[in-house]
Amino acid sequence: YHIWVIHRPDTGVTDALFSASASAPTMPTNYTKKKCIGSIVRAGATILAFNQYGNDFYLDTPVLDHTTGASAGTSAITVTLASVPDGVKVKAYVNAVVIDNSNYIYVSSLDNTDSAPSTTVAPLASFASSGTNHTAQLSVWTSTSATFRARQSSNSASGFRFATLGWMDTRR
């Protein structure tokens, strides 16, 4: 849901509106002004509990949103985070783990060019494993479908996981 502050200039009344639309909520009669002040996530018929600090929303309980096995290969894959708002681009905050020795991962927005991870040339890697498992906390811009790109360096890798911690909403 997207939370809007709405205003009715003829009476001066200001109210709030929850809408599934990130850009064009259905406005009550005579309410002509609107401003989106944030987006939240419903899962399993309930709002995911969160804390808000300015534009940052942090889930009370992080959610394991994506697990990729060895079959991911070295081509880019699209990762979907079911625990961030869709319909709007947000900066997702995730914990990541690579489950393999000597593998590295590059994550990027789908707005950017797909690039292979490297330890020597740009864009380098977002995180790497030098032991059995390695973790990192990352942020990446999502698409309006709550997706981003991830690509690993090794075909023999055992995969990687992303747990959603929260997101930054720019309050469009």
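This short presentation walks through the fold, the cores, the largest pocket and several individual residues of one protein.

Good morning, colleagues. Please keep in mind throughout that the structure shown is a predicted model.

I begin with the overall architecture. The protein has 14 strands and zero helices, and from the N terminus on the elements therefore read β-β-β-β-β-β-β-β-β-β-β-β-β-β, each strand being a run assigned by DSSP. Along the principal axes, the C-alpha atoms occupy a box of roughly 65 × 30 × 25 Å. The chain counts 172 residues, of which 42% are buried. If we take the contacts with a separation of 6 or more, 71% of them join residues 24 or more positions apart.

Let us turn to the interior. The largest nonpolar core holds 26 residues, and the members that touch the most others are Val107, Phe127, Leu138, Phe148 and Phe162. At least two core residues each come from strands S7 (56–68), S9 (91–98), S10 (103–108), S12 (134–141), S13 (147–152) and S14 (160–168). The largest share belongs to S9, which provides four residues. A second core, separate from this one, has five residues, among them Trp4, Ile6, Leu17 and Cys36.

Phenylalanine 148 deserves a moment of its own. Which residues does phenylalanine 148 touch, once those up to four places away in sequence are set aside? The list is Ile77, Thr78, Val79, Leu81, Val107, Ser108, Leu110, Val140, Trp141 and Phe162.

I move now to two loop residues that touch one another. Serine 83 sits in the loop that connects strand S8 (77–80) with S9. Is serine 83 buried or exposed? Its relative accessibility is 4%, so serine 83 counts as buried, the limit being under 20%. The side chain of serine 83 makes a polar contact of 3.1 Å with the side chain of aspartate 65. Apart from residues up to four places away in sequence, serine 83 touches Val41, Leu48, Leu59, Val63, Asp65, Thr164 and Trp167.

Leucine 48, one of those partners of serine 83, belongs to the loop between strand S5 (46–47) and strand S6 (50–53). Why does leucine 48 count as buried? Its relative accessible area is 19%, and because the cut-off is under 20%, leucine 48 qualifies as buried. Beyond its neighbours within four places in sequence, leucine 48 is in contact with Val41, Ala43, Leu59 and Ser83. Leucine 59 is eleven residues from leucine 48 in sequence, and their C-alpha atoms are 6.9 Å apart.

Next comes the largest pocket. Its volume is about 170 Å³. Fifteen is the number of lining residues, written 15 on my slide, and those closest to the centre are Tyr1, Ile40, Val84, Pro85 and Asp86. By character, the lining divides into nine nonpolar, four polar and two charged residues.

Aspartate 86, one of the residues closest to the pocket centre, leads us to histidine 2. A polar atom of the histidine 2 side chain lies 3.3 Å from the backbone oxygen of aspartate 86. Histidine 2 is in strand S1 (residues 2–8), and with a relative accessibility of 2% histidine 2 counts as buried.

Glycine 159 offers another example of a buried loop residue. It is located between S13 and S14, and its relative accessibility is 0%. How far apart in space are glycine 159 and threonine 68, C-alpha to C-alpha? The distance is 5.0 Å, although 91 residues separate glycine 159 from threonine 68 in sequence.

I close with backbone geometry. As background, most residues other than glycine have a negative phi, and most peptide bonds are trans. In this model, the peptide bond from alanine 122 to proline 123 is cis, with omega near 15°. Proline 123 is placed in the loop between S10 and strand S11 (127–129). Leucine 124 lies in the loop between S10 and S11 as well, and has a positive phi of about 65°. At 40% relative accessibility, leucine 124 counts as partly exposed.

Alanine 45 likewise has a positive phi of about 65° without being a glycine. Its place is the loop between strand S4 (42–43) and S5. Is alanine 45 buried or exposed? The relative accessible area is 67%, so alanine 45 is exposed, the threshold being over 50%.

Thank you for your attention.

Note on methods: Residues are numbered from 1 along each chain as its sequence is written. This is a predicted model: local features need pLDDT of at least 70, side-chain atom pairs count only at pLDDT 80 or more; totals for chains, interfaces and linings use all residues. Side-chain values use heavy atoms; hydrogens and water are left out. A nonpolar core is a set of buried Ala, Val, Leu, Ile, Met, Phe, Trp, Tyr and Cys residues joined through side-chain atoms within 4.5 Å. Buried means under 20% relative accessible area, exposed over 50%, partly exposed in between (1.4 Å probe, protein chains only). Contact means heavy atoms within 4.5 Å. A polar contact is a pair of N or O atoms within 3.5 Å; within protein, one must be able to donate a hydrogen and the other to accept it, and residues adjacent in sequence count only if both atoms are side-chain atoms. On a 1 Å grid over the protein atoms alone, a cavity is a set of points where a 1.4 Å probe fits but cannot get out, and a pocket is an open set with protein on both sides within 12 Å along at least five of seven lines; lining residues have an atom within 4 Å of a point. Grid points are joined across faces, edges and corners, and a volume is the space filled by probe spheres set on the points. Ala, Val, Leu, Ile, Met, Phe, Trp, Tyr, Cys and Pro count as nonpolar, Asp, Glu, Lys and Arg as charged, and the others, Gly among them, as polar.
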